[in-house]
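Me: I am new to reading protein structures. Please take one part and go through it closely, step by step.

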Amino acid sequence: MQKRKLGNSGLEVSSIGFGCMGMSHSYGPPKDKQEMTSLLHAAVERGVTFFDTAEVYGPLLNEELVGEALAPFRGDVIIATKFGWQANPNDGGKWSALDSRPEHIKQVAEESLKRLKVDVIDLYYQHRVDLDVPIEDVAGAVKELIQEGKVKHFGLSEASARTIRRAHAVQPVAALQSEYSLFWREPEDTVMPTIEELGIGFVPFSPLGKGFLTGKIDADTKFDSTDFRNTVPRFTAENRKANQALVDVISSFAKQKKATPAQIALAWLLAKKPWIVPIPGTTKLARMEENLGAANVELSPDDVRALEDASSRVKIEGARYSPFHAQLVGR
């Protein structure tokens, strides 16, 4: 597995990372701990060095799983986690309240360190921008954690270009994590020019469009009752049917390249910029191996252009988030 550097930060990771959320959160009930541990070990054995989690995944379960599973590989892997949420008493105790107060950041950093079984957090993202706390205060709190040796690098997730600039002026931002794929290309206009200028790496989550770009989901697919895609407008049966045209475009490219649609979707991201590191998630070994195979799919600039020309002719139907989640992005 080749390595990539996230911008100017010096943080070097495998060119494809592993998003661990779905093992404990959002895509149905939590998966078997032993099976997921074996899968994480298999990822390391295949050269993956970059693993993504967050305190809110579970909540807490995913950090515990990742911390325990990756304990034998300390020093060989980079673990990114996130702060910025807490249980909301007005929402039945669900983790739906933002909290990026400096004292809260410092408290939860200690808790994440324990769950992850590490002495230092490699990459610490603000999960969503908290409009009640100036971003300068957030960056300042992480800067202090870096000075104390508890965090190595600072990241932001789904932040706007203006917020990124303000944060970066206080503490250099190593990476921005936001949704980006052939299914959602808005970052090209909103944030990518800024992060390229500032030397910030880009970590696309949902690089396979929450599974849609694999070609394994269609209008008839039924999701588990606890699967968050049930709340996503883009995933209504009607919109899945309309958006199938994009999968058809990617599938036809996949045939030409003797690859799978998922591999083409990931190879496109890798071909876009050398500082982009996608983090596809899965709970299945075969899927993980398929995803990692994308690193061996070469797309020339002409291939990238042709794929973008064809895919941009497809009108994507449906918002990418429910109204609640939509209000938290791009702030």
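Reply: What follows is a walk through the sheet and the parts around it.

Keep in mind that this is a predicted model. Start with the sheet as a whole. The sheet is open and has 7 strands. Their order is 3-4-5-8-9-10-11, and the pairing is parallel. Two strands form the edges: strand 3 (18-19) and strand 11 (201-205). Each of these edge strands pairs on one side only.

Now move to strand 8. Strand 8 covers residues 121-126, and strand 5 covers residues 78-83. The two run parallel and are joined by 4 bridges. One residue pair can be picked out here. Lys82 has Tyr125 of strand 8 as its bridge partner. A helix also belongs to this picture. Helix 3 (residues 102-116) packs on the sheet and touches both strand 5 and strand 8. The direction of helix 3 makes about 135° with that of strand 8.

Next comes strand 9. Strand 8 and strand 9 pair over 5 bridges, again in the parallel sense. Tyr125 turns up here too: it stands opposite Gly155 in strand 9. Is strand 9 enclosed or open to the outside? Strand 9 spans residues 151-157, and 6 of its 7 residues are buried, so the rest of the structure largely encloses it.

One general point helps when you look at any strand. In a regular strand, side chains alternate between the two faces of the sheet.

Now look at a pair of helices. Two packed helices are described by the angle between their axes and the distance between the axes. Helix 4 (residues 135-147) and helix 5 (residues 161-170) pack with their axes 8 Å apart, at an angle of about 40°. Helix 4 and helix 5 are therefore oblique to each other. Their crossing is right-handed. Which residues make the contact? From helix 4 come Ile135, Glu136, Ala139, Gly140 and Lys143. From helix 5 come Thr163, Arg166, Ala167 and Val170. Sorted by class, the contact of helix 4 with helix 5 has 4 nonpolar, 2 polar and 3 charged residues.

Finish with a single residue in a loop. Asp227 sits in the loop between strand 11 and helix 8 (237-257). Is Asp227 buried or exposed? Its relative accessible area is 5%. Buried means under 20%, so Asp227 counts as buried. Leaving aside residues up to four places away in sequence, Asp227 touches Ser26, Tyr27 and Gly28.

Methods. Residues numbered from 1 in each chain as written. Predicted model: local features only at pLDDT ≥ 70, side-chain atom pairs only at ≥ 80, totals over all residues. Heavy atoms only, no water. Axes fitted to C-alpha atoms, helices over the stretch in contact; angles between N-to-C directions. Parallel < 35°, antiparallel > 145°, perpendicular 65-115°, else oblique. Left-handed = near helix turned anticlockwise from the far one by under 90°. Contact = heavy atoms within 4.5 Å. Nonpolar A, V, L, I, M, F, W, Y, C, P; charged D, E, K, R; others polar. Pairing = 2+ DSSP bridges. Buried < 20%, exposed > 50% of the residue type's maximum accessible area, 1.4 Å probe, protein only.
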